[in-house]
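Hi,

Here is the structure I promised to pass on. Have a look at it first, and then read on for what turned up.

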Amino acid sequence: MTIVKVPQKHYPKAEIIRRGMALGIDFLGVWLVSSLLGSSNLGIQFVQIFVFIFTWLVLRVLVVYNNQGQSLGRWAFDLKILEIQNGQIVGRIPQLQALLQREGIICPCALLLSIGLSNIIANPTAILLVLPLAIDCGAALSDTQMRQAFHDRYAKTIIVSSRRGYSLDLKIKRLVEKVQRNVRR
């Protein structure tokens, strides 16, 4: 009897643009919820920070864990998160601990971006608070094979394309093409 290696199932890697848009939708949702509790004062509000972190963890950990690896943004762009073992993609959703590790890295980066955006009018140098998120996610640009950001590498996860979702990017693309055709007429 011989042992035959079964070929690995192919999971198409997610495009960087789609990942960025999915992260943007998740960020905007969490930022809007946390901004509702903020005041008109400039600076850092601790209640707003707590609400941001709590909402981020609910959306990006609990929802992902219970929704086949998709947050709201990933669902909108047909993406999902999967686990990696020994450099190979495993066809399952990461465990809760891996999701917490992953979001434990990206949540503070997103929080700094939120603080920077809230204070950019009073202090234009607050735009520098985008750097941690840019550095973390920029690692995916240099990784041409797996397209993993730092938080993905640490938690041993990967974002792949999925057949389950809303296909928001494709619907917007069709809408823009339709508008362009109507304008030309």
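Before the helix pairs, one term: a crossing of two helices is called right-handed if the near helix is turned clockwise from the far one by less than a right angle, and left-handed if anticlockwise. Keep in mind as well that this is a predicted model.

First, the general layout. The protein has seven helices and three strands. Going along the sequence, you'll meet them in the order α-α-α-β-β-α-α-α-β-α. The C-alpha atoms fit a box of roughly 75 × 55 × 30 Å along the principal axes. Of the 185 residues, 39% are buried. As for contacts between residues at least 6 apart in sequence, 68% of them join residues at least 24 apart.

Now the helix pairs. Two packed helices are described by the angle between their axes and by the distance between those axes.

Start with α2 and α4. Helix α4 covers residues 96-118, and its axis comes within 9 Å of the axis of α2, at a crossing angle of roughly 145°. This is where the term above comes in: α2 passes α4 in a right-handed crossing. On the α2 side, the residues that meet α4 are Ile 49, Phe 52, Ile 53, Trp 56, Leu 57, Arg 60, Val 61, Val 64 and Tyr 65. Their partners in α4 include Leu 99, Arg 102, Glu 103, Ile 106 and Cys 107. Sorted by class, this contact has 16 nonpolar residues, one polar and three charged.

The other pair is α1 (residues 16-36) with α2 (residues 46-66), which pack at about 140° with their axes 9 Å apart. That angle makes α1 oblique to α2. Here, too, the crossing is right-handed, with α1 passing α2. From α1 the contact takes in Leu 23, Asp 26, Phe 27, Val 30, Trp 31, Val 33, Ser 34 and Ser 35, while α2 brings Gln 48, Val 51, Phe 52, Thr 55, Trp 56, Leu 59 and Arg 60. The class count for α1 with α2 is nine nonpolar, four polar and two charged residues. If you want residues to click on, Phe 52, Trp 56 and Arg 60 are listed in the contact with α1 and also in the one with α4.

Next, the salt bridges. How many does a search of the whole structure find? It finds eight, and here are a few of them.

- Arg 18 and Asp 169 meet through their side chains, at 3.1 Å from N to O. Arg 18 sits in α1 and Asp 169 in α7 (residues 168-184), so this pair ties together parts of the protein that are 151 residues apart in sequence. Both Arg 18 and Asp 169 are buried.
- Arg 19 has a salt bridge with Asp 152, and their closest N and O atoms are 2.6 Å apart. This pair also links distant parts of the chain, with Arg 19 in α1 and Asp 152 in α6 (residues 150-155), 133 residues apart. Arg 19 and Asp 152 are both buried.
- Glu 103 and Arg 102 form a salt bridge at 2.8 Å, N to O. With a cut-off of under 20% for buried, Glu 103 counts as buried at 1% relative accessibility, and Arg 102 does so at 2%.

Some of these join up: Arg 19, Asp 26, Arg 60, Arg 102, Glu 103 and Asp 152 are linked in a network of salt bridges.

Two single residues to finish. Ile 84 belongs to strand β1 (residues 79-85). Is Ile 84 buried or exposed? Ile 84 is buried, since its relative accessible area is 8%. In sequence, Ile 84 and Thr 157 are 73 residues apart, yet their C-alpha atoms are 5.4 Å apart in space. Leaving out residues up to four places away in sequence, Ile 84 touches Ile 89, Val 90, Met 146, Gln 148, Lys 156, Thr 157 and Ile 158.

Then there's Asp 143, which you'll find in the loop between α5 (131-142) and α6. Asp 143 is buried too, with a relative accessible area of 14%. Beyond its neighbours within four places in sequence, Asp 143 is in contact with Gln 148 and Arg 153. Gln 148 is also among the residues that Ile 84 touches.

Cheers

Conventions: Residues numbered from 1 in each chain as written. Predicted model: local features only at pLDDT ≥ 70, side-chain atom pairs only at ≥ 80, totals over all residues. Heavy atoms only, no water. Axes fitted to C-alpha atoms, helices over the stretch in contact; angles between N-to-C directions. Helix = DSSP H or I, 4+ residues; strand = E, 2+ residues; numbered from the N terminus. Parallel < 35°, antiparallel > 145°, perpendicular 65-115°, else oblique. Contact = heavy atoms within 4.5 Å. Nonpolar A, V, L, I, M, F, W, Y, C, P; charged D, E, K, R; others polar. Salt bridge = Lys/Arg side-chain N within 4 Å of Asp/Glu carboxyl O. Buried < 20%, exposed > 50% of the residue type's maximum accessible area, 1.4 Å probe, protein only.
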